[in-house]
Amino acid sequence: MTEPVQVTVLVVTWQGADLLADCLASLDAQTIRHELLVVDNASTDSTRELLATDFPTAQVLALDSNTRFAGGVAAALPRVHTPYVALLNNDAAADPHWLQRSVDVLDQHIDVAAVTARMLFWDDPSRLNNAGVLLVRGGYGADRGLDEPDGAPYDTPQEVFGFSGGAAVLRTDAVCDAGGMPAEFFLYYEDTDLAWRLRLAGWRIRYEPGAVVRHRHAASTDKRSAMFAFYNERNRLLMLLRCAPAGFAARQVARFCLTSASLVLRRAMRHQIPADPVFRLGLRLRVLAAVARLTPWALGQRRAVGRHLVVSRRAVAGEWLGR
């Protein structure tokens with residue numbers, strides 16, 4: 001008798017036909033059966049033809065507009081009917097044992113909601129891209145192990161604050177019960193936000209070094225761009241408003257405002273200011289306007305999360321913030 005399929009893999013793509021073939025071929029080589037759902041964010045390149053010709057067994061959810069990663073996952077989750085759901089970036093390729101090793105952890109640890117992979121750089125697999133997500137000072141999410149040599153201490157399984165949406169396997173029910181993926185985030189911080197909500201619901205998150213994925217870092221987004229700076233800062237503040245202790249969230253919003261004001265003064269005094277987009281006053285004002293517009297939504301979500309707290313916001317922040 002055939003074993004039931006336990007996991008559905010979600011791959012969100014937009015204009016990624018040149019990347020997608022390697023990603024999907026690596027899923028064809030996985031050692032356990034799985035369902036594959038490709039979310040196409042209204043691509044106008046050859047994505048549709050590639051899927052129809054080379055990967056005809058893949059399920060495809062074709063969206064009418066580009067909802068980016070957060071929106072793509074949010075749209076796909078209602079179509080997932082397996083106990084586990086896996087996320088894999090379209091610019092990544094998974095080792096054949098990635099799914100099996102991740103599912104084994106979830107099977108063995110009933111209090112774990114997510115297993116994050118050992119992500120290595122595509123062009124230099126001797127160095128780490130991500131070994132889980134850290135929560136650092138200011139409430140920023142950071143890639144654990146970024147650009148460090150592969151090996152100790154990253155060859156040991158351990159608990160981490162969060163998972164990377166680039167390569168992770170999660171419990172479907174836990175994700176849905178925690179509120180799913182926030183489509184409003186569009187891109188960036190949606191995985192850290194979900195990890196925080198899972199922790200507030202009492203779940204743990206594990207890093208599994210045996211679940212290996214190679215990743216073309218920033219192949220589908222430019223982390224030096226104004227778009228990255230905007231969504232990175234906006235979504236960090238929204239995440240804090242949704243998940244962090246109220247006082248901490250308020251202080252970080254105030255600090256962003258004060259830093260923005262100080263840039264005006266520094267420019268007036270003709271001080272040198274870094275050229276990074278995040279230091280542009282116009283961009284920072286757009287961030288503040290967007291946060292102000294979305295604050296009622298964020299606070300409504302905060303109240304919804306608060307009704308189901310298992311671990312206090314203060315306890316999660318105390319254990320993981322700045323660790």
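Helices, labelled H, and strands, labelled E, are DSSP runs numbered from the N terminus, a helix having at least four residues and a strand at least two. With those labels in place, the loop between H5 and H6 can be located, and Tyr188 has its place there. I shall return to that residue after a survey of the chain. Please keep in mind throughout that this is a predicted model.

Let me begin with the overall form. The secondary structure of the protein chain amounts to 10 helices and 12 strands. Its C-alpha trace spans about 70 × 45 × 40 Å along the principal axes. The radius of gyration is 20 Å, in agreement with the value near 20 Å that a compact globule of 323 residues would have. Of those 323 residues, 52% count as buried. Considering contacts between residues at least 6 apart in sequence, we find that 76% join residues at least 24 apart.

I turn next to the interior, and in particular to empty space. Rolling a probe the size of a water molecule over the atoms reveals where such space is left. How many cavities of 30 Å³ or more does a search of the whole structure find? The search finds 1. The largest cavity has a volume of about 30 Å³, and its lining consists of Val73, Leu77, Val85, Leu87, Leu170, Val175, Met181 and Leu194. By class, this lining divides into 8 nonpolar residues, with no polar and no charged ones.

Val85 merits a closer look among these lining residues. This valine sits in strand E4, residues 84-88. Val85 counts as buried because its relative accessible area, 2%, falls under the 20% cut-off. Leaving aside neighbours within four places in sequence, Val85 contacts Val7, Thr8, Leu10, Leu77, Val80, Ala168, Val169, Leu170 and Thr172. Two of these partners, Leu77 and Leu170, also appear in the cavity lining. The C-alpha atoms of Val85 and Leu170 are separated by 5.3 Å, although the two residues are 85 apart along the chain.

From the cavity I move to an open site. The second largest pocket holds about 240 Å³ of space. It is lined by 14 residues, of which Asp177, Ala178, Gly179, Val305 and His308 are the closest to its centre. Three elements give two or more residues to this lining: helix H5 (172-177), helix H6 (190-200) and helix H9 (281-306). Which of them gives the most to the lining of the second largest pocket? It is H9, with 3 residues. The composition of the pocket lining is 8 nonpolar, 3 polar and 3 charged residues.

Next, a hairpin. Strand E8, residues 133-136, and strand E9, residues 140-143, pair in the antiparallel sense over 4 bridges. Together they form a hairpin with 3 residues between them, and Gly138 in the turn has a positive phi of about 90°. Within the pairing, Val133 stands opposite Asp143 in E9. E8 has two faces: Val133 and Leu135 lie on the covered one, whereas Leu134 and Val136 lie on the uncovered one.

Val133 also leads us to Ser164, a contact partner. Ser164 is found in the loop between strand E10 (158-159) and strand E11 (167-171). Is this loop residue buried or exposed? Ser164 is buried, since its relative accessible area of 10% is under 20%. Beyond its neighbours within four places in sequence, Ser164 is in contact with Thr116, Met119, Asn130, Val133 and Asp191.

Finally, the backbone. Most residues other than glycine have a negative phi, and most peptide bonds are trans. Against that background, three sites deserve inspection on screen. The peptide bond from Ala152 to Pro153 is cis, with omega near 5°, and Pro153 is found in the loop between E9 and E10. Arg68, which is not a glycine, has a positive phi of about 55°. This arginine lies in helix H3, residues 68-76, and counts as buried at 15% relative accessibility. The third site is Tyr188, in the loop between H5 and H6 with which I opened. Its phi is near 80°, again a positive value in a residue other than glycine. Tyr188 counts as buried as well, at 13% relative accessibility.

Key:
Residues are numbered from 1 along each chain as its sequence is written. This is a predicted model: local features need pLDDT of at least 70, side-chain atom pairs count only at pLDDT 80 or more; totals for chains, interfaces and linings use all residues. Side-chain values use heavy atoms; hydrogens and water are left out. Buried means under 20% relative accessible area, exposed over 50%, partly exposed in between (1.4 Å probe, protein chains only). Two strands pair if DSSP finds at least two bridges between them. On a 1 Å grid over the protein atoms alone, a cavity is a set of points where a 1.4 Å probe fits but cannot get out, and a pocket is an open set with protein on both sides within 12 Å along at least five of seven lines; lining residues have an atom within 4 Å of a point. Grid points are joined across faces, edges and corners, and a volume is the space filled by probe spheres set on the points. Ala, Val, Leu, Ile, Met, Phe, Trp, Tyr, Cys and Pro count as nonpolar, Asp, Glu, Lys and Arg as charged, and the others, Gly among them, as polar. The radius of gyration is taken over C-alpha atoms; the globule rule is 2.2 Å times the number of residues to the power 0.38. Contact means heavy atoms within 4.5 Å.
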